[in-house]
Structures are given as C-alpha cells and as structure tokens.
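Reader: Hey, got a minute to walk me through this one? I'd like to poke at it bit by bit.

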Amino acid sequence: MGIKKQCSYRDYWSSAPDLHDDYVSNIMPVNRFSWLLSHLHLNDNSVIPKKGDANYDKLYKVRPFLNLILKNSLAVYNPNRIVAIDESMIKFKGRHSSKQYMPKKPIKRGYKVWALADKYGYLWNFDVYTGKSGDTVEKNLGARVVKNLSAPFKNKNYFLYFDNYFTSYPLMSYLKSNGIYACGTVNMTRKYLPQLKDDKSLKQGEYDWNTDQFSISIIKWKDKRSVI
C-alpha cells in the first residue's frame, strides 16, 4: 500500500478493474483489514498520562514504536566521523497538536524531526519535535537539541556540522570541551561574538577572523554577501 497508493484503502478490494489490487485483496478480506486497522495499538491506552501530568507525551500512542526505530538505528550502524544535525519535515495534512508550519521548507506542514545523519545520509539519531510545553517558549532550544543528539559522540573526535539556527558561542565551547569538533554558520546578532570588519570594508574574496584562548574561531568571508 505504501508503494501503490490509492485514495482509500477500500479501493484495493474494489470491483473496478482500474482500482482492484490482487496482491492486497488476496491476503485478507477488506472487513478483516478494517477490524485490524481500528484495533491496532502500540501502547496501553488505559494508563495514558493526562494533559498536565509530568509524564504527559503527545506521542504516547506511538512512543514504543519510535523508541524501537531509534534503538535499532543506533545499534546497527557506526556512523562516519563527519555528521550533521538539521531539522526535517514529515508531510502531514491532518489535525494534531504537534504539527508544525515552516513556510521556507519544501514540505511546509507536518511533523518536525530533529535529525542527526552522517555524510552518507544515514539517519543515526533523531527526536520528533512536539512543540512548546504549555505557554512557555523554550530558550536555547537549538543548543539543547545538538547536545542531546550528539551526546554519544563525546570524546570520540567526531566532526559535527549545523546551520545558524543552532550555532552559538556557548554551544561551540560546550562541544569543544566534550571532544566534539563543530562547524556552523552563525548570525552575528548572537551574543558573545567579537566585532569583525563590516561588509563595506571587505572586497569579494577577502576575510576577517578572530579566535579565543580555547581556539574557537570565527571567520567572516566576503562572497557576493558575507558568510560567517
């Protein structure tokens, strides 16, 4: 069904020759499939934590399945030393409190997933974002995501890349102290960054840089616009 998609699952059992699918319909009757579809559960609904509870989880009903996928992703593959963290979108048009809207992404509506993948594209570690907790907006969300996903790499000299949503000086200091080499573009409005030459004083191809006592460096390179 994931390969040959129909408008409705009942179409696989349709009497119409252009919709009917012998492979699916010969496995079981449509009524049997409907019963399984409505009774299949991945977690115990009788003990689901209520909203406001400390253990409340918006993804409670599928959490065991997600944990199983993550456990196997971590166990069966040793990632390349070059890894990256970014956000990914899973397309979803239905109603759910965890659904996100990101207008600049190719997939604009769906579930947002924080993803760590190696240079060959293997998804090694991930976390499904369920939105803010209550009315409070989490500060330093990007830094927390990077710390959590990269925790297994501590003191193993991995090379970690990410974009300016995550990059900050405190995060770079944290990663360096934990034996993880990191590189990322950065927004100059972030705190604790040194003053560099302004765009007007740099010609195309020129650069300015600074470094601290821990060898954490910032480089501003002028192309058609500045890359920091």
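Author: Sure. Let's begin with Trp114, which is buried, at 0% relative accessibility. Keep in mind that this is a predicted model.

Reader: Okay, and where does Trp114 lie?

Author: Trp114 sits in strand β3. Its ring pairs with that of Tyr129: the centres are 5.7 Å apart and the planes are at 65°, so the pair is edge-to-face. Tyr129 belongs to the loop between β4 (123–128) and α4, so this pair ties together parts 15 residues apart in sequence.

Reader: Is Tyr129 buried or exposed?

Author: Tyr129 is buried, with a relative accessible area of 14%. The cut-off for buried is under 20%, so 14% falls within it.

Reader: How many aromatic pairs are there in the whole structure?

Author: A search of the whole structure turns up 12 aromatic pairs. Another one of them is Trp124 with Phe153, where the ring centres are 5.0 Å apart and the planes at 20°, so that pair is stacked. Trp124 is in strand β4 and Phe153 in the loop between α4 and β5, so the pair links distant parts of the chain, 29 residues apart.

Reader: And those two, buried or exposed?

Author: Trp124 is buried at 8% relative accessible area, and Phe153 is buried at 2%.

Reader: Which residues form an aromatic cluster?

Author: Trp114, Tyr129, Phe162, Tyr165 and Phe166 form one cluster.

Reader: Tell me about Phe162. What does it touch?

Author: Leaving out residues up to four places away in sequence, Phe162 touches Ile85, Val146, Thr167, Leu171, Met172, Leu175, Ala182, Cys183, Gly184 and Thr185. Phe162 also matters for the next topic, the core.

Reader: Go on then. Which members of the largest nonpolar core touch the most others?

Author: Val146, Leu160 and Phe162 do, out of 21 residues in that core. At least two residues each come from β1, β3, α4, β5 and α5 (169–177). The biggest contributor is α4, with five residues.

Reader: What about a second core?

Author: There is a second, separate core of six residues, including Leu59, Leu70, Phe126 and Val128.

Reader: Back to α5. Which of its residues are buried?

Author: Leu171, Met172 and Leu175 are the buried residues of α5. They cover an arc of only 100° around the axis, which puts them on the same side of α5.

Reader: What do they pack against?

Author: The buried residues of α5 pack against α4, β5 and β6 (181–184). Just after α5 comes Gly179, with a positive phi of about 70°.

Reader: Which residues other than glycine have a positive phi?

Author: Asn155 and Asn157 are among them: phi of Asn155 is near 60°, and Asn157 has a positive phi of about 60°. Asn155 lies in the loop between α4 (141–150) and β5 (159–162), and Asn157 lies in the loop between α4 and β5 as well.

Reader: Are they buried or exposed?

Author: Asn155 counts as exposed, at 58% relative accessibility. Asn157 is partly exposed, with a relative accessible area of 35%.

Reader: Now strands. How does β1 run relative to β5 and β3?

Author: Strand β1 (residues 82–91) runs parallel to β5, joined by three bridges. With strand β3 (residues 109–118), β1 runs antiparallel, and nine bridges join them.

Reader: Got any residues I can look up for those?

Author: For the parallel pairing, Ile82 stands opposite Phe159 in β5. For the antiparallel one, try Ile90, which stands opposite Tyr111 in β3.

Reader: Last thing, cysteines. How many disulfides does the structure hold?

Author: Zero disulfides. A disulfide is a covalent bond between the sulfur atoms of two cysteines.

Reader: So how exposed are Cys7 and Cys183?

Author: Cys7 is exposed, with a relative accessible area of 84%. Cys183 counts as partly exposed, at 42% relative accessibility. Cys183 also turned up earlier, among the residues that Phe162 touches.

Reader: Great, I'll go and click through those.

Terms used:
Residues are numbered from 1 along each chain as its sequence is written. This is a predicted model: local features need pLDDT of at least 70, side-chain atom pairs count only at pLDDT 80 or more; totals for chains, interfaces and linings use all residues. Side-chain values use heavy atoms; hydrogens and water are left out. Helices (H or I, at least four residues) and strands (E, at least two) are DSSP runs, numbered from the N terminus. Buried means under 20% relative accessible area, exposed over 50%, partly exposed in between (1.4 Å probe, protein chains only). A disulfide is a pair of cysteine sulfur atoms within 2.5 Å. Two strands pair if DSSP finds at least two bridges between them. A nonpolar core is a set of buried Ala, Val, Leu, Ile, Met, Phe, Trp, Tyr and Cys residues joined through side-chain atoms within 4.5 Å. Contact means heavy atoms within 4.5 Å. The arc is that of the directions from the helix axis to the C-beta atoms. Rings of Phe, Tyr and Trp (its six-membered ring) pair if their centres lie within 6.5 Å; planes under 30 degrees apart count as stacked, over 60 as edge-to-face and the rest as tilted.
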